[in-house]
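Hi,

Here is the structure I said I would pass on to you. Have a look at it first, and then read my notes below.

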Amino acid sequence: MAHAQARDAVHAAFDRDGLAEQLASLNVETLAVDSKATDRAVYLRRPDLGRRLAPASRTKLSNDTTQMKPDLTIVVADGLSAAAVNSGAFELVKAFLPHVAKLNIEIGPVVLATGARVALGDEIGALIGAELVAVIIGERPGLSAADNLSVYLTYEPSVGRNDAERNCISNIGDDRLSPTAAAANLAWLINAARDRKLTGVALKDESEALLAVETDNG
């Protein structure tokens, strides 16, 4: 059964329109883009195509986001488990929104990307001119869970960034890391990244210690 659930998650379709409607209920604007992976079969065979925008999406994003240059761009990407995104991305974005004012940042529209790998966020962030990009993505399903979400945060995104230059918050979902905790974790990392002007292996995640102190204090 676990194997069947994993297969279903990998081949599930991203309900992008449904997520856009949910986010609209929070007054969050969205933009839809696609990678060069033209369908799911191509996406699974050609990871490289999932890391770059389709030409039409690149042009659209360039035209629609001229002069934006937000502090943070949030990308919601289907990744290897659209099922995880369909079930959990809205709650994660919703949990993060209260942190925006506390961080005193501008986030701009949430970009909804299909056929996407983590690195697609680098091109998206660079085109928009964002200081940071946070990619919420469905992770490769395992036998323990088929609906794991992760968030990858990258400072000064640009095409060619590697995984060592990102911070990852993983294992987000029911009975795992809650959206509330993940959102607080992300907020801490954003604040630290802007302060130190970097992300990745050089930025140690110390948010758990901070959260423990806050919990003890009330």
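What follows is a short tour of what turned up, from the empty spaces to one helix and the aromatic rings.

One thing to keep in mind before you start: this is a predicted model.

Let's begin with the enclosed space. Searching the whole structure for cavities of 30 Å³ or more turns up one. The largest cavity holds about 50 Å³ of space. If you want to find it on your screen, pick out Ile74, Leu92, Val93, Phe96, Ile136, Val151 and Leu186, which line it. Sorted by class, that lining is seven nonpolar residues, with no polar and no charged ones. Helix H5 (residues 82-103) gives the largest share of the lining, three residues.

Leu186 is a handy place to stop for a moment. This residue sits in helix H7 (residues 179-196). Is Leu186 buried or exposed? Its relative accessibility is 6%, and the cut-off for buried is under 20%, so Leu186 counts as buried. Another residue of the cavity lining, Phe96, is 90 residues from Leu186 in sequence, yet their C-alpha atoms are 8.0 Å apart in space.

Now for the open side of things. The largest pocket has a volume of about 280 Å³, and 14 residues line it. Nearest its centre you will find Arg117, Val118, Ala119, Tyr152 and Asp163. Here the classes are mixed: the pocket lining has six nonpolar, two polar and six charged residues. So much for the cavity's purely nonpolar list, with its seven nonpolar residues.

Arg117 comes up again when you look at the rings. It lies over the face of Tyr43, 4.2 Å from the ring centre. What about rings paired with each other? The count of aromatic pairs comes to zero.

Last stop, helix H2 (residues 16-24). Which of its residues are buried? They are Arg16, Gly18, Leu19 and Leu23. Looking down the axis of H2, these buried residues fall within an arc of 160°, so they line one face of the helix. On the face of H2 turned away from that buried side are the exposed residues Asp17 and Glu21.

If you only have a few minutes, I'd go to Arg117 for a start, since you can take in two things there: Arg117 is among the residues nearest the centre of the largest pocket, and Arg117 also lies over the face of Tyr43. After that, turn to Leu186 and the cavity it helps to line.

Cheers

Note on methods. Residues are numbered from 1 along each chain as its sequence is written. This is a predicted model: local features need pLDDT of at least 70, side-chain atom pairs count only at pLDDT 80 or more; totals for chains, interfaces and linings use all residues. Side-chain values use heavy atoms; hydrogens and water are left out. Rings of Phe, Tyr and Trp (its six-membered ring) pair if their centres lie within 6.5 Å; planes under 30 degrees apart count as stacked, over 60 as edge-to-face and the rest as tilted. A charge sits over a ring if NZ of Lys or CZ of Arg is within 6 Å of the ring centre and within 35 degrees of the ring normal. On a 1 Å grid over the protein atoms alone, a cavity is a set of points where a 1.4 Å probe fits but cannot get out, and a pocket is an open set with protein on both sides within 12 Å along at least five of seven lines; lining residues have an atom within 4 Å of a point. Grid points are joined across faces, edges and corners, and a volume is the space filled by probe spheres set on the points. Ala, Val, Leu, Ile, Met, Phe, Trp, Tyr, Cys and Pro count as nonpolar, Asp, Glu, Lys and Arg as charged, and the others, Gly among them, as polar. Buried means under 20% relative accessible area, exposed over 50%, partly exposed in between (1.4 Å probe, protein chains only). Helices (H or I, at least four residues) and strands (E, at least two) are DSSP runs, numbered from the N terminus. The arc is that of the directions from the helix axis to the C-beta atoms.
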